[in-house]
Amino acid sequence: MTMQPKKWMARLLVGVAGLLPLAQGAAAMAPLSAIGKGEGTLNIVAWEGYAQDDWVKPFEAATGCTVHAKYAGSSDEMVALMRSGNGDQYDLVSASGDATLRLIFGKNVQPINIGLIPAWKNFIPQLQAPDFNTVKGVHYGVSYEWGPNTLLYNTKTFPVAPTSWSVIYDPKYKGQITVPDNPIQIADAALYLSKTQPALGIKDPYELNQMQMDAVVKLLQRQAKLIKKYWALASDEIQLFTSGDAVVGAAWPYQTNTLQAAKVPVADTIPSEGATGWADTWMISSKAPHPNCAYEWINWVTTPKVQAQQAIYFGETPANTLACKEMDAQQAGACAQYHGDAPASYFDQIKFWKTPRKVCGNGKDDCLDYSAWQREWQSIKG
Amino acid sequence: MKATRTWRAALSAFGWRHGVMANISLLGLPAVWFACLYLAAIGAMLVTAFWQVDDLSGNLIPGFSLSNFSVLVSDPIYRIIAVRTVFIAAAVTLADAVLAWPFAYAMVRLAGPKLRAVLMALVLVPLWSSYLARVYAWRLILAHDGVLNWALSAIGIPGVHIGYSNWAMWIVFSYLWLPFMILPIAAALERIPPNLMEASADLGERGLATFRRVILPLALPGMAAGAIFTFSLTLGDFVTPMLVGGTGSDFIGNVVYANVGVTNNIPFAAAYATLPLGVMAVFLLLARRLGAFDAL
């Protein structure tokens, strides 16, 4: 970025002006032009494992911003938290791709001056301005880390890794299966059906018409009878696997890492049908009371060192390409293990979470929006 | 000094002559407090139930629409959840009534003063510890490799799989609210004059008949009062279903919680929350017939 700050601002304003009908409230707000003195406090909404002392403590020491983290179990909860009160309760959120557009169009987050984030130019190209956090050229957040939703299994029950998601729909494991209590889980079943029942014509697991949704719901209702528990927090699933109540389920790599560290015999895999996944973005509330600390935080966690720490701790892949070397330095072979050096094709094969909307990719308006997904999910889990 | 006294005397005389005004000035402040904090909250809930939410921005749209209620009526899942909630609340109330009777009777009628104090303490001590800690403890007890199955296998009985199920919820709820049933029953038993039982014995009634025809009717108001606690506490809970429930274990409270805290659809939550309000109204009318309010 060699552009002069003023010219940059001008471009941004033009870009913002183009957005007026779409996001008037956000447009009224100009992004921060320079990072000022920290306000001493920072309130963040984050996924479990995203505010670990390993990088929070040094951040607090370096910037004087004391971090208060609130963990959320789902994207829905993150959106609700960012909208709670007047929207000024929290400064920052680590939103996944199925929450970001809701926050942008809901005017809950402010535009970001990407010129103030030096690490941004080292991001993988797909995450510099992805359509889930950049609208018409305006950045509403800074990408963080990404990864696939994995199939977690007990290695005693499965000496050989399962190769298909079919195991979580298999009556053989009745009462021993666990999946997230989250409407976006419908996409996992849709992805599975898109491979096993091509006649349904599911192209994108987040764009389902009523006929396709009915087929997915039928599969999930059959699965509901086999489920031990729908987990709400990662710690729930960890306990289910530790106690032996569950032997197979949908999970994040974080659970695998935590369980393996506790010597529970588990492993995870990405089955042949592929996987859904998340790509997270740090976004600043449009009414953030501590914007300077928020920018300081984004800069802190996009440094190669913290990107590597986060990646290894959670088992995900950093956005910053310079983090690879740092990962190997922290734990031998970590970069390859967590796909830090994977080719672009690996990124492209993951179906990243996004907000289901009425408008489908096919140009028709017959898809089900997210509130319909939420209703279907309630009737599936009973 | 003199001025103050005459002023007070005048006020007192005014109150004496106009009793209504005296009552209003006495009860006015608590009544305002009650109206603001309690009725206003319920009123706000009833009004919000007819509002809508903008899907994309999540903003509330005030107005009058019955669509929240039509979803509640047309989608069978909300009926299933309501029936489940009421059924488990009733089952918990029944279990607690059965469990509380022998304990309360032994505590009031059989135990000496010292043992009685100890038993009372045993009932009350769990209430001093965190609700969450007790629910988590049960989660560990009922888990696949928990204390229960360990004990069962030790005596040669195959393990049961009731962790994360409606059975688990029933057990945990019954445990949690048991003290609220024991205390009113014990209080009611204490109030029965001993000479009534002696009279019953003098007239040739045996123990069981005395219980059925003298003790039970006289202690019934206490049991009804306890039932108000166990039933309403279960009806409104959402934490226990979340922690020890399995699939198909959502309560009305869970749907309300999910719509407020997770999906940000407050009007829908308000519409569903009117249901337990109605259920409780019916339950309280029944309890009043049994004399629960005289026993409280």
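Hi everyone, let's start with strand 1 of chain A, residues 41-47, where six of the seven residues are buried, so to speak mostly covered. Please keep in mind that this is a predicted model.

Who are the neighbours of this strand? On one hand there is strand 2 of chain A, residues 66-72, which pairs with strand 1 of chain A in the parallel sense, over seven bridges. If you'd like a place to look, find A:A46: opposite this residue, in strand 2 of chain A, stands A:Y71. Now follow helix 3 of chain A, residues 53-63: together with strand 1 and strand 2 of chain A, this helix makes a β-α-β unit, and the unit is right-handed.

Strand 1 of chain A also has parallel company in strand 3 of chain A, residues 92-95, with two bridges joining them. There, A:I44 has A:L92 of strand 3 of chain A as its bridge partner.

Let's move along to strand 10 of chain A, residues 248-251. In a regular strand, side chains alternate between the two faces of the sheet. Here both faces are covered: A:V248 and A:A250 are buried on one side, and A:G249 and A:A251 are buried on the other.

Which strands pair with strand 10 of chain A? Strand 7 of chain A, residues 150-154, does so in the antiparallel sense, over four bridges. In that pairing, A:L152 stands opposite A:G249. Strand 8 of chain A, residues 177-180, runs parallel to strand 10 of chain A, and two bridges join them. For that pair, look at A:I177, which stands opposite A:V248.

Thanks for listening, everyone!

Terms used. Residues numbered from 1 in each chain as written. Chains lettered and ligands numbered in written order. Predicted model: local features only at pLDDT ≥ 70, side-chain atom pairs only at ≥ 80, totals over all residues. Heavy atoms only, no water. Buried < 20%, exposed > 50% of the residue type's maximum accessible area, 1.4 Å probe, protein only. Pairing = 2+ DSSP bridges. Right-handed = clockwise from strand over helix to strand, strands pointing away.
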